[in-house]
Amino acid sequence: YQRRVRAVDTGIPEARVPQVTQFLHDLGVLVHFRESDGGLNEIVILDPQWLTKVFATLITMKPNSVKAGVIVRTDLHHIWKPPEFPPDRHAFLLALLAKFEIIFLFSKSDQILVPSLLNDNVPSDSEIDKYWRSSENPETEISRSYKFDFLPHGFFGRMIIRMLHSEWNAVLYWKAGLVCQKSTR
């Protein structure tokens, strides 16, 4: 609503506001998303550099608020402090970070997975074996192990997030690996 009022005040016809907003977004003057997920389409970010700061505050946060790459929503006020990050905008910020696959919002809890903050340590074989079927089980087991000389930064974090959105459950994950089980949904 405020965007339309201000646009009309500047002489831009109300019907043209979406086109002008998209044009300015394409030029990089402002940031606006058409998606209605999390209210993304209701916000226009006039300072794209601010958006970079939002990402940086979460990715570079101190590990004392994070346990194995997971933070809880109640700790967000320690990360995003007013007036720059008002509490009533935290839901929008989370939706934005989820859109860019920087975080994963667990639907049945107040936990937030931040893959870039996961442990580097690979779990022990005994910990991985807890989730792996034994050879006594008649069900078919499939395993794949890939080794790459190079992976783009953030690749594995995004893969973990995409796996969490799929029919597979990531039951154990670390910065460069994961163990998945087929969901029983």
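The mean pLDDT of the chain is 81, with 86% of its residues reaching 70 or more, and these values belong to a predicted model. Confidence varies between the elements: helix α1 (residues 2-9) has the lowest mean pLDDT among them, at 56, whereas β4 has the highest, at 92. Where pLDDT is low, the predicted coordinates should not be read in detail.

As to the overall architecture, the secondary structure comes to 7 helices and 7 strands, which follow one another along the sequence in the pattern α-α-β-β-α-β-α-α-β-β-α-α-β-β. Of the 185 residues of the chain, 31% count as buried, and the accessible surface comes to about 12900 Å², of which 53% belongs to carbon and sulfur atoms. Among the contacts with a separation of 6 or more, 47% are accounted for by residues 24 or more positions apart.

The aromatic side chains offer a way into the details. A pair of aromatic rings is described by the distance of the centres and the angle of the planes. The structure holds 6 aromatic pairs. In one of them, the rings of Phe 33 and Phe 100 have their centres 5.8 Å apart and their planes at 70°, an angle over 60 degrees, so the pair is edge-to-face. Phe 33 lies in the loop between β1 (31-32) and β2 (44-45), while Phe 100 lies in the loop between α5 (90-99) and β4 (104-105), so the pair ties together parts that are 67 residues apart in sequence. The two partners differ in their exposure: Phe 33 counts as buried because its relative accessibility is 9%, whereas Phe 100, at 33%, counts as partly exposed. Together with Phe 55, Phe 33 and Phe 100 form one aromatic cluster. Phe 100 also has a charged neighbour, since Lys 99 lies over the face of its ring, at 5.9 Å from the ring centre.

A further pair can be described in the same terms. The rings of Trp 80 and Phe 85 have their centres 6.5 Å apart and their planes at 45°, so this pair is tilted. Trp 80 counts as buried, at 0% relative accessibility, and Phe 85 is likewise buried, with a relative accessible area of 4%.

Both of these residues lead on to Thr 57, which, leaving aside its neighbours within four places in sequence, is in contact with Ile 79, Trp 80 and Phe 85. Thr 57 has its place in helix α3 (residues 48-59), and a polar atom of the Thr 57 side chain lies 2.7 Å from the backbone oxygen of Val 54.

Terms used:
Residues numbered from 1 in each chain as written. Predicted model: local features only at pLDDT ≥ 70, side-chain atom pairs only at ≥ 80, totals over all residues. Heavy atoms only, no water. Phe/Tyr/Trp six-rings, centres within 6.5 Å; stacked < 30°, edge-to-face > 60°. Helix = DSSP H or I, 4+ residues; strand = E, 2+ residues; numbered from the N terminus. Buried < 20%, exposed > 50% of the residue type's maximum accessible area, 1.4 Å probe, protein only. Lys NZ or Arg CZ within 6 Å of the ring centre and 35° of its normal. pLDDT = per-residue confidence, 0-100. Polar contact = N/O pair within 3.5 Å; in protein donor to acceptor, adjacent residues only side chain to side chain. Contact = heavy atoms within 4.5 Å. Areas by Shrake-Rupley, 256 points an atom, 1.4 Å probe, with all protein chains shown as cover.
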